[in-house]
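Please read the following explanation alongside the sequence and the coordinates. It moves from conventions to individual side-chain pairs, then to the nucleic acid surface and the backbone.

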Protein chains: 2
Amino acid sequence: MTTIKDVARQAGVSVTTVSRALNGHDDVNPETRRRIQEVADQLGYSPNIAARTLVSKRSRTLGLLLSALTRNSVKDNIVFEMLCGMNDRAAELEYDLVLFNTTPQKQRQKSYKALCKERGVDGVIMMGMRLDDPYLEEMLHASIPCVLIDIPIERKKNIGYVMTDNVQGAMEAVTHLIERGHRHIGMINGHAQAAVSIQRLDGYRQALGRHGIPFADRYVEDGGFSEDGGKDAAYRLLTSCPELTAIFCASDLMALGALQAIRALGKRVPEDISIIGFDNIVAAQYCTPALTTVNQDKYQMGYIAAATLIDMLEGRQVPRYRKMPAELIVRASTGPAPVRQN
Amino acid sequence: MTTIKDVARQAGVSVTTVSRALNGHDDVNPETRRRIQEVADQLGYSPNIAARTLVSKRSRTLGLLLSALTRNSVKDNIVFEMLCGMNDRAAELEYDLVLFNTTPQKQRQKSYKALCKERGVDGVIMMGMRLDDPYLEEMLHASIPCVLIDIPIERKKNIGYVMTDNVQGAMEAVTHLIERGHRHIGMINGHAQAAVSIQRLDGYRQALGRHGIPFADRYVEDGGFSEDGGKDAAYRLLTSCPELTAIFCASDLMALGALQAIRALGKRVPEDISIIGFDNIVAAQYCTPALTTVNQDKYQMGYIAAATLIDMLEGRQVPRYRKMPAELIVRASTGPAPVRQN
DNA sequence: ACAGGTATCCGAAACGTTTCGGATAATTGG
DNA sequence: CCAATTATCCGAAACGTTTCGGATACCTGT
């Protein structure tokens with residue numbers, strides 16, 4: 001409850017001087033500054049952010065638009081891990097994070113711009129959004145700096161992004177399968193409204209192409225990034241294309257679902273079918289067989305997203321687009337292709 | 001950028017009237033209100049939260065003190081799941097969540113009260129804190145409403161808590177083991193500075209007592225709630241007490257570690273040793289053998305924490321202390337006690 | 001027709017900061 | 001010793017709300 005006025009009175013100086021002293025301006029006597037600092041400490045003064053924000057138009061607050069902050073994203077720890085990274089970097093730079101509560105029906109009544117202006121956030125980090133999310137379009141027309149996760153848009157100066165090198169990751173995964181002798185490799189993708197899906201499909205095709213294996217449309221099915229979706233997709237794939245010996249899944253969660261489907265069909269992993277996932281979620285190392293997958297450094301992505309955004313806000317010249325390396329992690333769900341018995 | 005003044009001018013009324021109209025006060029003509037609303041919509045007006053907070057002293061913002069928001073808490077999705085629950089309830093009631101960035105060294109320089117006052121949060125949710133965390137003590141002397149997760153303190157009117165019925169949960173777990181014939185049951189606990197550890201130990205002792213099994217001090221070891229800690233504790237326990245046929249772990253993560261230790265010792269789960277965990281984290285259902293555990297409704301805990309806090313803030317009379325039922329989930333890591341070969 | 005009530009509106013102060021534009025005193029250069 | 005500079009400080013306005021204490025006009029009942 002102690003305000004800047006109290007400090008000023010106690011220290012025998014004006015409010016202006018207190019403000020300038022505490023904010024490190026240089027037109028205040030070192031001795032005065034010391035006294036003011038002392039009084040402030042003693043009184044336990046700390047500035048009211050609302051007042052400061054009101055006048056300075058800067059809040060040292062980042063808005064988080066996480067459309068994936070829902071119950072069903074609980075199984076993959078991706079969002080959470082990114083959140084940890086953002087939180088750490090924000091803490092280092094003394095920024096705070098506010099979670100924007102957006103439900104689909106709320107989005108209809110409140111525009112992106114209104115949301116940001118209201119809360120007075122300096123910048124925004126968006127993640128888990130579909131390419132057709134209305135907020136994405138709105139964001140492009142707003143002037144608030146924004147860093148996107150997994151959505152590569154390079155159209156504007158105040159927008160940055162960070163994402164994993166999905167093409168490379170997918171290529172490594174599929175190449176790994178090819179090197180183990182697989183020739184009929186299916187893919188379970190997410191959905192069309194995700195940049196990562198497009199890129200991972202691209203990597204899949206490139207890997208096939210480089211080894212002279214023709215791409216077959218019917219070898220790829222969408223699983224919507226969910227465990228059940230993956231299960232259904234695997235079921236469809238394996239029943240309609242019995243020649244498949246391996247499946248590359250665009251997410252570990254879908255791979256987990258695929259594992260179930262394969263088991264239900266009475267086949268073994270990796271003896272009959274090899275499975276490879278993407279993300280390296282926690283469950284991937286605990287499931288049986290442990291999942292071969294492509295690791296994304298989720299923590300680092302969050303960290304860099306926050307770092308990039310703050311750099312932009314503070315006018316530092318930094319690369320706005322970051323592509324993180326993906327890393328193949330070979331575990332037990334992939335093996336050599338079974339010998340053909342025909 | 002459009003302010004209340006713009007709306008007032010455009011609608012031909014005073015600023016006061018716009019404010020009262022938009023905030024639903026009753027001394028404004030329905031027709032006027034409609035017109036104001038229309039103008040506001042058309043101009044895309046939304047109130048500046050900083051200004052509102054400044055004058056009204058209420059920010060509709062909840063502070064989250066999550067000392068567990070760190071990289072190593074990534075494996076258990078507990079925090080995240082609770083976060084989802086809080087986020088959902090906060091969204092329903094139009095509150096926003098701000099993550100407090102507290103690192104240990106930051107805590108030294110900034111008091112709890114300063115943190116809250118600065119950010120102008122109306123209330124706080126604390127979780128993952130040790131009983132000896134300095135903020136906990138500070139919080140008790142502050143006047144800001146607070147809801148604690150997993151820390152039962154009933155000393156003040158502006159403090160509430162929500163936690164699982166750990167005694168009941170632990171009893172069910174241990175009783176389950178006893179019913180399967182186990183008589184030498186060890187326990188891997190967390191650490192002394194956690195209320196849940198105290199309660200789960202209590203439940204363990206009670207279950208033993210009810211079945212006339214004496215409690216042995218050397219049967220319980222602390223694992224610090226970490227996977228490695230659980231592994232070490234299991235190792236110590238099994239080497240120094242070879243008569244053990246089952247271990248109750250105060251967390252799934254420690255149980256996962258115990259599984260490793262047992263495997264390293266060349267024993268089988270559940271044939272030689274039964275293992276039971278606590279929390280029901282995601283990995284528990286994917287590991288092999290799938291972990292028998294005690295489920296906590298983490299989402300619901302977060303949801304209720306936010307709900308309770310907001311109810312308190314808005315002066316609603318509600319129970320401030322909530323104990324959630326725990327539920328035993330039997331999977332594959334527990335089995336009948338092996339027949340004694342002596 | 002008049003006192004009192006009601007419905008509707010408004011002016012101005014207040015919230016706690018930052019910052020612009022000076023003001024004062026001390027110092028410097030010639 | 002004077003003018004110009006520098007170091008240090010301050011008053012007041014501004015940020016965008018909410019709200020207190022009226023003010024005005026119109027009814028109501030007698």
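Helices (H or I, at least four residues) and strands (E, at least two) are DSSP runs, numbered from the N terminus. With that convention, helix H3 (residues 30-43) of chain B holds Arg34(B) and Glu38(B), which are 4 residues apart and therefore separated by about one helical turn.

This is a predicted model, in which local features need pLDDT of at least 70 and side-chain atom pairs count only at pLDDT 80 or more, while totals for chains, interfaces and linings use all residues. Residues are numbered from 1 along each chain as its sequence is written, chains are lettered from A and ligands numbered from 1 in the order in which they are written, and side-chain values use heavy atoms, with hydrogens and water left out.

Chain A is assigned domain 1 (1-35), domain 2 (61-164 + 297-324) and domain 3 (166-296), with bounds that come from an automatic or database domain assignment. The C-alpha centres of domain 1 of chain A and domain 3 of chain A are 63 Å apart. An unreviewed UniProt entry carries the annotation "domain: HTH lacI-type" for residues 2-56 of chain A; positions from UniProt are given in the numbering used here, feature names are shortened, and annotations may be inferred rather than shown by experiment. In the model, residues 2-56 of chain A are 69% helix and 0% strand, and the end C-alpha atoms of the span lie 20 Å apart.

Side chains of opposite charge can pair when their charged atoms come close. Under the criterion of a salt bridge (a side-chain nitrogen of Lys or Arg within 4 Å of a carboxyl oxygen of Asp or Glu), the whole structure has 28 salt bridges over all chains. One of them is the pair already introduced, Arg34(B) and Glu38(B), with a distance of 2.8 Å from N to O. Relative accessible area is classed as buried under 20%, exposed over 50% and partly exposed in between (1.4 Å probe, protein chains only). On that scale Arg34(B) is partly exposed at 44% relative accessibility, and Glu38(B) is partly exposed at 46%.

A second salt bridge brings Glu221(B) to Arg236(B), with the closest N and O atoms 2.8 Å apart. This pair links distant parts of the chain, since Glu221(B) lies in strand S7 (residues 220-222) of chain B and Arg236(B) in helix H11 (residues 227-240) of chain B, 15 residues apart. Arg236(B) has a relative accessible area of 36% and is partly exposed. In a third example, the side chains of Arg316(B) and Glu314(B) meet at 2.9 Å, N to O; Arg316(B) is partly exposed at 37%, and Glu314(B) is likewise partly exposed at 31%. In chain A, Arg60(A), Asp311(A), Glu314(A) and Arg316(A) are joined into one network by salt bridges that share partners.

Arg60(A) also has a backbone feature, a positive phi of about 50° although it is not a glycine. Arg60(A) sits in the loop between H4 and strand S1 (61-66) of chain A and is partly exposed at 30% relative accessibility. Phe225(A) is another residue other than glycine with a positive phi, near 65°; its loop runs between strand S7 (220-222) and helix H11 (227-240) of chain A, and Phe225(A) is partly exposed at 23%.

Which residues are closest to DNA strand C? Of the 25 residues that surround the strand, the closest are Ile4(A), Ser19(A), Ser14(B), Thr17(B) and Thr32(B), a residue being near when one of its heavy atoms lies within 4 Å. Sugar and phosphate make up 63% of the atoms of DNA strand C that come within 4 Å of the protein. A backbone N or O atom of Ser14(B) is 2.8 Å from a phosphate oxygen of DNA strand C, whereas a polar side-chain atom of Asp27(B) is 2.8 Å from a base nitrogen of DNA strand C.

Finally, the peptide bond between Thr288(A) and Pro289(A) is cis, with omega about -5°, and Pro289(A) lies in the loop between helix H13 (282-286) and strand S10 (293-295) of chain A. In chain B, the bond from Thr288(B) to Pro289(B) is cis with omega near -10°.

Methods. A polar contact is a pair of N or O atoms within 3.5 Å; within protein, one must be able to donate a hydrogen and the other to accept it, and residues adjacent in sequence count only if both atoms are side-chain atoms.
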